[in-house]
Structures are given as structure tokens and as C-alpha cells.
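Biologist: Please take a close look at one part of this model, the annotated binding site, and then work outwards from there to whatever else helps to place it.

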Amino acid sequence: MPNRDTLFSAPINKLGDWTFDAQVAEVFPDMIQRSVPGYSNIISMIGMLTERFAQPNSTIYDLGCSLGAATLSMRRHIQVDHCHIIAVDNSSAMVERCRRHIDSFRAETPVQVIEADIRDIDIKNASMVVLNFTLQFLEPDDRQLLLNKICRGMLPGGVLVLSEKFNFADQQIGELLFDMHHDFKRANGYSELEISQKRSMLENVMRTDTVETHKARLHQAGFIHSELWFQCFNFGSLIAIKDGVVR
């Protein structure tokens, strides 16, 4: 059983900005399952997409890998030769646990876990790239630059999976989905205090975009086809394919 997330169950005198530190890494599996609706579905489907899009002699990138859930899902579904995975995170606590987690499962596909800023990673010969709830933590001005780099480094027919928390141009819909997300967290055992304190810590470090903004960025980066393939409340995932080649 994963460690229970009780980080915000007592009042915190001085709430700083959110960081993916050792405390968060320790309870992250429980936190993500209780906080992000549809997370397990997205992880499972990333594996299924890997079966379709992993190309021989190519690289797969998990940018913002946290504890490696998407990395492991992809590795389990690779069915081609000479394909390897590069998993990247800038949190030393996450990287340390990710390496242990991945090493505990035997598989032929090699995985390299790197502690680095994903903006500094060269994307080369990529058949698949995953940004699973990662882009939202970058400065808005850096998001287009990263997507441009990803598209340039992709092979024809390569796929990008971009999962994010969304905001909405329609205020009434946005408020409804926001409230439904909080209902989801309450149903998973989070108190009003926990919900409020975590939201306050995330305000300055997680800036969300609309689905339309994401699609516009993907198109500008050079992805011919992109579409929302999963959504639950204000969380979801888009898929983008380079050069219009669908495998």
C-alpha cells in the first residue's frame, strides 16, 4: 500500500510555493490517485499508445517523469527492437525513488533516469514523448519553445502525449468542473483544510491553459494532427502526431 498523503492535514503557519520535495515524493502515488481524476486511465492508455507508436531504433522520452509510472507503462508495451527510454525530472527526491522503482522491475528495454530541467534536454530520434502533467509547471513563455524542440526532435509518425489540468473560457463550465474536482477530492478523503492549503501552495507555480491554447501551441510547433483524447472534469490529455503519419 502507498504511504497515505497527510501532508496538509494540519494547519501550516507559513504556506510557501509548491515543491516536489522528499515529503511529496514519499506520498506521491497516493496523492496523485486521490487528486487527479482519471490518472490511472491515462497511465494505462499511454502504454497502449506505446504499442502503436514505438519505432525500432528510436528513443522515447518521459519528461517530468516523477516516480516513473508512465515510463513503466511504456516499457511494458514496447514491442520493437532497440528502443530505449529517457526519463527526466528536476526533483532529486523524485529521481532517486524513480530509479529504485524502475530497477525493481526487470525488462529488456533500457531506461535512463536523468535529474535535469526538461528544457535543457536534447530531443533526438524520438518516436514518442510524454509530458504527463508537466508543462503546466513551466513558465508560460517556455511552453512553446519546449514543444517546438520536441517536434523538431521527433521522427515522422512520432507522437506526443500532453496531459494537463485545464481552465475554460466559459466561466460557468469552468466553475462547475472546478467544483466537481473538489468533490472528487472530498470523496477521496481530503478535508477542506487539505484542499485549501494545497491549492494555495500551487497558485504561483501551476498556471493552467485552455484546451484551445494547447492545440494552438501544438499546431505552431509543427504537429499536423492534435486532439483531446481523454478528459475527466478539468483534467485531461491531448495527443499530437508529427507529419500526419498515423501508425
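Modeller: C65 is buried, with a relative accessible area of 3%, where buried means under 20%, exposed over 50% and partly exposed in between, computed with a 1.4 Å probe on protein chains only. This is a predicted model, in which local features need pLDDT of at least 70 and side-chain atom pairs count only at pLDDT 80 or more, whereas totals for chains, interfaces and linings use all residues. Residues are numbered from 1 along each chain as its sequence is written, and side-chain values use heavy atoms, with hydrogens and water left out.

C65 sits in the loop between β1 and α3; helices (H or I, at least four residues) and strands (E, at least two) are DSSP runs numbered from the N terminus. Setting aside residues up to four places away in sequence, C65 touches T71, A87, V88, D89 and C98, a contact being a pair of heavy atoms within 4.5 Å. One of these partners, D89, is 24 residues away from C65 in sequence, while their C-alpha atoms are 5.6 Å apart in space.

S66 also belongs to the loop between β1 (59-63) and α3, and S66 is buried as well, at a relative accessible area of 12%. Beyond residues up to four places away in sequence, S66 is in contact with F28, D89, M94 and C98. D89 and C98 thus appear among the contacts of C65 and again among those of S66.

These residues matter to your request through the record: an unreviewed UniProt entry lists Y39, G64, C65, S66, D89, N90, D117, I118, N132 and R199 under "binding site". UniProt positions are given here in the numbering of this model, feature names are shortened, and annotations may be inferred rather than shown by experiment. The listed residues span 161 residues in sequence and their farthest two C-alpha atoms are 24.3 Å apart, so they do not all gather at one spot. Even so, the lining of the largest pocket includes Y39, G64, C65, S66, D89, N90, D117, I118, N132 and R199. On a 1 Å grid over the protein atoms alone, a pocket is an open set of points with protein on both sides within 12 Å along at least five of seven lines, as opposed to a cavity, where a 1.4 Å probe fits but cannot get out, and lining residues have an atom within 4 Å of a point.

N90, another listed residue, is placed in the loop between β2 (84-89) and α4 (92-103). At 56% relative accessibility N90 counts as exposed, and its contacts, leaving aside neighbours within four places in sequence, are E115, A116 and D117.

Moving on to helix packing, the axes of α1 (residues 22-35) and α4 come within 8 Å and cross at roughly 45°; axes are lines fitted to C-alpha atoms, for helices over the stretch in contact, and angles run from 0 to 180 degrees between N-to-C directions. The two helices α1 and α4 are therefore oblique to each other, given that angles under 35 degrees count as roughly parallel, over 145 as roughly antiparallel, 65 to 115 as roughly perpendicular and the rest as oblique. The contact is made by A22, V24, A25, E26 and F28 of α1 together with A93, M94 and R97 of α4. F28 and M94 are thus part of this helix contact, and S66 touches both F28 and M94.

P29, found in α1, is partly exposed at a relative accessible area of 33%, and P29 touches P2 and L67, not counting residues up to four places away in sequence.

Helix α3 (residues 69-77) holds S73, which counts as buried at 1% relative accessibility. Apart from residues up to four places away in sequence, S73 touches I43, S44, I46 and G47.

Finally, the unreviewed UniProt entry annotates residues 60-158 as "domain: Methyltransferase". The end C-alpha atoms of residues 60-158 lie 10 Å apart, and the span is 34% helix and 27% strand.
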